[in-house]
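This briefing covers one protein chain fold, taken topic by topic. Please keep the sequence and the structure in view while reading.

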Amino acid sequence: MTTASTIRRRYVTAPIAGKAIGKGAEAGRLVHYRVCGEGPAVVMLHDSPRSSRLHTITMKMLASRFRVFALDTPGYGNSQPLGLIDPAIPDFAEALREALAALGLEEAPLYATHTSAKIALALAARGGKMPLLVLDGLSIPDAPAPETFINAYMRPFRPDADGAYLAAEWVHARDMLRWFPWFSRKAESRMAMDAPAPEWLEDYGIDLFSAGPHYSDAYAAAMRWNPLEDLRTVQVPTRVAARSDDVLYGFLGKVPVDQNDRLTVERLGSDRDEWLDWLAETLAGAGAGAGAASPPPPEAAPDAQAGYVDLPKGQLHWRRNLSGSGRTVLALSAPTTLEAQAWAQALAGSRPTLVPDPPGFGDSDPLAKPDADLLANSLAQVIEHLALGKVDVLAIGLAAPLGARLAAQRPDLVETLVIHGAPHMDIDAAFNAACCPVIPFDAHAGTHLHRIWHMLRDSQVQWPWFDGTQGAARKSAALPEPAQMHAALTGVLKQLPRYGDCVAAALTAASAEKWREVTVPTFVTLGDDPAQRGAEEIAGFLRDGQTSALPASPQEGAAILTAMLGAAVPAAS
C-alpha cells in the first residue's frame, strides 16, 4: 500500500550542463531522485560521498507537511556523472539548475548540507529562483586547500582485478570518521565524535561504493571552492545553520551577515528532534512558488534509459540500451545482473536490450516472499510499462526458471525464450543455501565485501560457484572487468539480507512440471559449460523446444544469439 510517507525513486532526464563530454551526451543526463509526501514541494540535497538515501528518515518525517524531493548529485547514488575532468562547484550548480527545471522545481525552497551547500549557494548566487535557501553546514576556510592536500585526501577509488581495493576502501571509510585529515592518524588529529552505528556505516558504505571512482568529484570541487563571494552577492534569502556537534559549526562566525542582509545565521543544538522541528518550520515559512508543486515529468519516456515500475509493495528497477533494431531482448540473470549486463553489452548495436534488477537485488525492492510466479508477474509489468509488445527472453543460469515462468504465464509477451544454462533437476535445500549464503554486514573488518567479491568471481570460473572440482571448471569463461564486478558487488550491498531471494524463487520452479507449461518457441543452449549439462533433459520437457549450440562467452556468442532470435536455426547434433 502506498502512503504519503512512501518514498518512490524516479529518474528525470536533464540537459547536459556546461562542457560535458562523452558518449551519449546528446541524450541528456539521468538524474535520480527520491520523492514522498503531500503539500508544497521542497528539495533536499546531500553531502559527499552520500546520496539521497541519506535523507530517507527526514523525508518520511516531513511527508505530512511537504512533498519532499531528494536529488542525487551527478556522479553519486544513481545519477550520471557530469562527464567533466575536475568539475568545479559552478558546474554542479548549473547541473542542479537543469535538474530542477526538468522537475518543475525551480521555485521550491531548497535544503542543502555540507558539499551540496556550496552547490546550492552557487546556483542561488547565479540566478536561482528558490524562495529560501537553507545551508546546513557550510565550510568557509581562510583559503582553499592546497592541491597536494586535496590529492592526498581524495585519493583515487580504483576497482582492481584482484579485489585488493576493497580492504583499502574499507579502511579509508572508517578512518574518515576518526581523523581529520583521515591520513593523519595522530592523536591530535582525532575528531571529537563517537563511532557511528553499524546501520549508518552500512548506508555510508553503500553510497561510497555507488559513487565509486566519482566519489571525489563534488567533494574535491567543494574543497577548492571558497563560498565567501557567493555569500556576499546572493539575493535569495539564505539561512546558514549548523548543529553544535557538526564539524563545520565553527564556520558560522565567518558568514558575512554584515555585508548582505539576505543572510541569517542559525546556531542549533545537537538534538535531532529539535533540529527537525526547526527545519520543518523554516521550510514552511518559505511558502512555495507557483511552479513548486507541479508534478514530475512522466516516468519512462519512450527513450528512457533507466527507470522503475511501481509494484504493490515496492519498486522494480530496470536499465536498457536502445541501440539496435527489432524486438527487445530481455536479459535475466541471478542473483546479480552480472551475466545479463555482459550479454546486453555484447548485443548492443544489433538488438535493443532490457536488464531488470531482480527483486531483492540492486535497486529493486524484495517481494513479500520469494515466489517465482510473483517475480515473473513483476517482469511482465516492466514489459507492459514500457509498451514493448513481445520481447525475446534470454534467461541465464539460475534465472532460467524465472524466464520460463514469464513465458508460461504470459506467452502474449514472449516471442522466443532462450535458456542459457539452467539449474539441474535434482537440486536440494543444501544447494539452495550454498548458492546464496547468508553474508552478514561486518562493521569492523568489512569481511562482507571480500565474501561477496569472491563469490561473484568464482561464479564466473566454475559452476556452481562453490564447487572447486575440475568437473565444475568453466573452460570458456572469462573474468569480468573490475568495473563490472564492482557494479555487481554494489548491487548485492544494497540488498544484503535479501540478495538471494530471486535464486530461492527460481529454484522452486526448476521442475519438469513447470518446464512443461512453457509453450513459446524455446532454444536450450548446448556447450562445454557445466551450467549447460541439463540442456538435453530440459529441452525434452518443452512443447516447442530444441537445443542449439551457443558459447558461454557473450563476446563469442552475441552474433549467434542474434541469428537465433531472428529465425529458427537447426538443432545441434
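The points below concern a predicted model and deal with its sheet, two of its helices and its cavities.

**The sheet**

- Eight strands form an open sheet with mixed pairing, in the order β1-β2-β4-β3-β5-β6-β7-β8.
- Its edges are β1 (8–14) and β8 (263–268), each of which pairs on one side only.
- On average, and ignoring direction, neighbouring strands of the sheet are turned by 25° against each other.
- Strand β7 (residues 238–243) runs parallel to β8, and 6 bridges join the two.
- In this pair, R243 stands opposite L268 of β8.

**Helices against the sheet**

- Helix α2 lies across five strands, namely β1, β2, β3, β4 (67–71) and β5.
- The direction of α2 is at about 110° to β1.
- Helix α3 also packs on the sheet, where it touches β3, β5 and β6.
- The direction of α3 makes about 140° with that of β5.

**Burial of α3**

- Helix α3 is largely enclosed by the rest of the structure, because 10 of its 10 residues are buried.
- Buried here stands for under 20% relative accessible area.
- The buried residues of α3 are T115, S116, A117, K118, I119, A120, L121, A122, L123 and A124.
- Among the strands that cover these residues are β3 (41–45), β5 (110–113) and β6 (133–136).
- Helices also contribute to the cover of α3, including α2, α7 (217–224) and α8 (228–233).

**Cavities**

- The model contains 5 cavities of 30 Å³ or more.
- The largest cavity holds about 120 Å³ of space.
- This largest cavity is lined by 13 residues, of which L45, D72, T73, P74 and L96 are the closest to its centre.
- By residue class, the lining of the largest cavity divides into 9 nonpolar, 2 polar and 2 charged residues.
- Three elements, β2 (29–37), α2 (89–103) and α3 (115–124), each supply at least two residues of this lining.
- Helix α2 gives the largest share of the lining, with 4 residues.

**Where the topics meet**

- Helix α2 recurs in several topics: it lies across strands of the sheet, is part of what covers the buried residues of α3, and supplies residues to the lining of the largest cavity.
- Helix α3 is likewise in contact with the sheet and among the elements that line the largest cavity.

Terms used: Residues are numbered from 1 along each chain as its sequence is written. This is a predicted model: local features need pLDDT of at least 70, side-chain atom pairs count only at pLDDT 80 or more; totals for chains, interfaces and linings use all residues. Side-chain values use heavy atoms; hydrogens and water are left out. On a 1 Å grid over the protein atoms alone, a cavity is a set of points where a 1.4 Å probe fits but cannot get out, and a pocket is an open set with protein on both sides within 12 Å along at least five of seven lines; lining residues have an atom within 4 Å of a point. Grid points are joined across faces, edges and corners, and a volume is the space filled by probe spheres set on the points. Ala, Val, Leu, Ile, Met, Phe, Trp, Tyr, Cys and Pro count as nonpolar, Asp, Glu, Lys and Arg as charged, and the others, Gly among them, as polar. Buried means under 20% relative accessible area, exposed over 50%, partly exposed in between (1.4 Å probe, protein chains only). Contact means heavy atoms within 4.5 Å. Two strands pair if DSSP finds at least two bridges between them. Axes are lines fitted to C-alpha atoms, for helices over the stretch in contact, and angles run from 0 to 180 degrees between N-to-C directions.
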